[in-house]
Amino acid sequence: MTHSLSIQPQRLADALLALGRIGSYLDEGSGLWGVSRLALTAADGEGRHHVIAKMQALGLQITTDRIGNVYARRRGREDSLAPVMMGSHIDSVPTAGRFDGCLGVLGALEIIETLDAAQHWTRRPIVVAFFTEEEGARFGTDMLGSAVATGRIPIEEAYALHDRAGLTVAEELRQLGFLGEAEEHLPPPHAYLECHIEQGPVLRRRGFDVGVVTGVQAISWHEVTIVGRSAHAGTTPMELRADASVAASRINLYLRELATSGRFGPQQRATMGAMSPTPGLVNIVPGRMVVTVDLRNPDDAQMRAAEAAVIAFYAQVATEEGVQISWRQTARTSCVPFDGGIQAAIAAAASRRGLSQLSMVSGAGHDAQEWARVTRAAMVFVPGEYDGISHNPREFSTVEQCANGVNVMLDVLLELAEES
Ligand code: HGY
Ligand code: MN
Ligand code: MN
């Protein structure tokens with residue numbers, strides 16, 4: 001069976017540009033336009049309304065659930081059957097490009113528009129969804145909306161999460177007008193598909209058209225609080241200091257050593273993304289630091305060993321630097337495999353289109369890993385230029401790269417949507 005339908009690449013590219021203008025900012029360093037649509041901010045709200053307007057224009061039946069996830073449904077010939085869902089996210093980190101997450105949502109809507117133009121009605125209904133706070137960049141835990149929808153995080157726990165200003169998820173959902181009424185636990189979809197940029201260098205460097213994603217690696221996030229003693233920078237001898245920022249710096253250097261040592265396998269990654277000193281002024285030894293630690297590993301056992309090593313190092317640094325160190329787990333997901341049958345369908349669809357494909361694990365977390373808990377789930381990756389840089393305004397995938405990935409998702413959708 002060759003592919004019957006194909007999307008309109010330029011229409012998709014234009015849709016990505018239009019959404020990318022919402023929450024855009026001029027990045028000083030690069031002179032590029034970036035995107036900042038932190039979850040449940042006004043910019044995210046504007047982005048949500050923009051995408052909902054597109055869903056309405058396609059005549060889709062839209063529901064918003066109690067955690068602000070938005071679902072848009074296209075009826076099927078046998079409308080009582082469980083739908084095939086395509087989804088991703090439109091919230092972004094503050095230094096984003098216009099592709100992360102948005103490709104999956106706008107690509108799915110482009111598929112709907114293609115089906116409408118062809119007056120093609122699938123046996124099963126189709127649902128296009130975007131989920132709340134996939135990034136975890138504002139409220140501290142990633143894939144929040146999908147995790148609530150699939151039962152990993154209780155909604156009351158999600159509602160109570162707060163940002164640095166103390167604003168809670170519940171308050172911000174209400175404020176934005178996205179505290180929906182629909183029950184967050186849906187009956188499981190028949191299957192779940194997501195098209196996403198790789199956000200790394202592999203596909204582009206090795207010259208592959210699409211990625212067949214085998215699963216998502218383990219993710220572990222800590223928020224670490226280091227309490228030392230603020231003191232005068234001029235009069236306090238070095239040996240009398242309890243310097244929280246030195247302790248944080250030692251932990252950061254340890255993270256790099258841990259990741260590059262090979263002790264936890266060749267793909268261990270470790271990042272100290274946020275470092276907040278108090279009082280954070282030029283002539284005061286920092287008495288307090290709050291930092292974040294992000295650990296990733298495609299092997300669960302190695303991840304557990306790396307976590308244990310990091311926690312032991314916290315204790316060592318506390319003793320040696322004379323500070324108190326406490327930490328809390330803010331996100332933790334084990335490795336998640338994707339459905340083998342759908343992976344094979346993705347590979348076959350790519351081959352039928354003459355597209356080269358590489359099976360690969362995802363370095364980033366995605367909504368698909370949550371939906372894999374309740375249904376068959378899989379992902380299609382597209383390459384990115386500039387070594388696939390992401391969470392950076394330089395993030396870029398070409399019109400053709402995006403179209404290849406979304407066309408493969410279209411083909412697999414059509415197969416899944418005809419299954420009994
Ligand atoms: O952190 C991640 O992997 C994703 O961008 N939420
Ligand atoms: Mn993403
Ligand atoms: Mn992201």
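The following exchange between a biologist and a modeller concerns a predicted model and takes up its manganese ions, ligand 1 and two of its helices.

Biologist: Which residue bridges the manganese ion (ligand 2) and the manganese ion (ligand 3)?

Modeller: The manganese ion (ligand 2) is coordinated by His-89 (NE2), Asp-100 (OD) and His-196 (NE2), at 2.1 to 2.3 Å. The protein donors of the manganese ion (ligand 3), lying 2.1 to 2.6 Å from that ion, are Asp-100 (OD), Glu-135 (OE), Glu-135 (OE) and His-391 (NE2). The two ions lie 3.5 Å apart, and the residue that bridges them is Asp-100.

Biologist: How many residues apart in sequence are the parts that the pair His-89 and His-196 ties together?

Modeller: Along the chain, the donor residues of the manganese ion (ligand 2) follow the spacing H-x10-D-x95-H. His-89 sits in the loop between β5 and α3, whereas His-196 belongs to strand β7 (residues 191-197), so the pair ties together parts whose separation in sequence is 107 residues.

Biologist: And for the manganese ion (ligand 3), how many residues apart in sequence are the parts that Asp-100 and His-391 tie together?

Modeller: The donor spacing for this ion reads D-x34-E-x255-H. Asp-100 lies in the loop between β5 (84-88) and α3 (102-117), and His-391 lies in the loop between α12 (385-388) and α13 (399-416), so the parts tied together by this pair stand apart in sequence by 291 residues.

Biologist: Is His-391 buried, partly exposed or exposed?

Modeller: Among the donors of the manganese ion (ligand 2), His-89 is buried at a relative accessible area of 0%, and His-196 is buried at 1%. Asp-100 is also buried, with a relative accessible area of 5%. For His-391 the relative accessibility is 37%, and since buried means under 20% and exposed over 50%, His-391 counts as partly exposed.

Biologist: What share of the area that ligand 1 exposes when taken alone does the protein bury?

Modeller: The residues around ligand 1 are Glu-134, Glu-135, Trp-221, Arg-296, Ala-364, Gly-365 and His-391, and by class this shell has two nonpolar, two polar and three charged residues. An oxygen atom of ligand 1 is 2.8 Å from an N or O atom in the side chain of Arg-296, while an oxygen atom of ligand 1 lies 2.7 Å from a polar backbone atom of Gly-365 and a polar side-chain atom of His-391 is 3.4 Å from an oxygen atom of ligand 1. Taken alone, ligand 1 exposes 220 Å², and the share of this that the protein buries is 94%.

Biologist: Turning to helix α6, which residue just after this helix takes a positive phi?

Modeller: Helix α6 (residues 169-176) has as its buried residues Val-169, Ala-170, Glu-172, Leu-173 and Leu-176. What covers these buried residues includes α2 (42-57), α4 (144-149) and α5 (155-160). Just after α6, a positive phi of about 85° is taken by Gly-177.

Biologist: What is the distance in space, C-alpha to C-alpha, between Ala-244 and Glu-113?

Modeller: Ala-244 lies in helix α8 (residues 244-260) and is buried, with a relative accessible area of 0%. Leaving aside residues up to four places away in sequence, Ala-244 touches Ile-226, Gly-228, Pro-286, Gly-287, Arg-288 and Met-289. Glu-113 is 131 residues from Ala-244 in sequence, and the C-alpha to C-alpha distance between them is 55 Å.

Note on methods
Residues numbered from 1 in each chain as written. Chains lettered and ligands numbered in written order. Predicted model: local features only at pLDDT ≥ 70, side-chain atom pairs only at ≥ 80, totals over all residues. Heavy atoms only, no water. Donors = N, O, S within 2.8 Å, 3.2 Å for Na, K, Ca; no water. Helix = DSSP H or I, 4+ residues; strand = E, 2+ residues; numbered from the N terminus. Buried < 20%, exposed > 50% of the residue type's maximum accessible area, 1.4 Å probe, protein only. Near = heavy atom within 4 Å. Polar contact = N/O pair within 3.5 Å; in protein donor to acceptor, adjacent residues only side chain to side chain. Areas by Shrake-Rupley, 256 points an atom, 1.4 Å probe, with all protein chains shown as cover. Nonpolar A, V, L, I, M, F, W, Y, C, P; charged D, E, K, R; others polar. Contact = heavy atoms within 4.5 Å.
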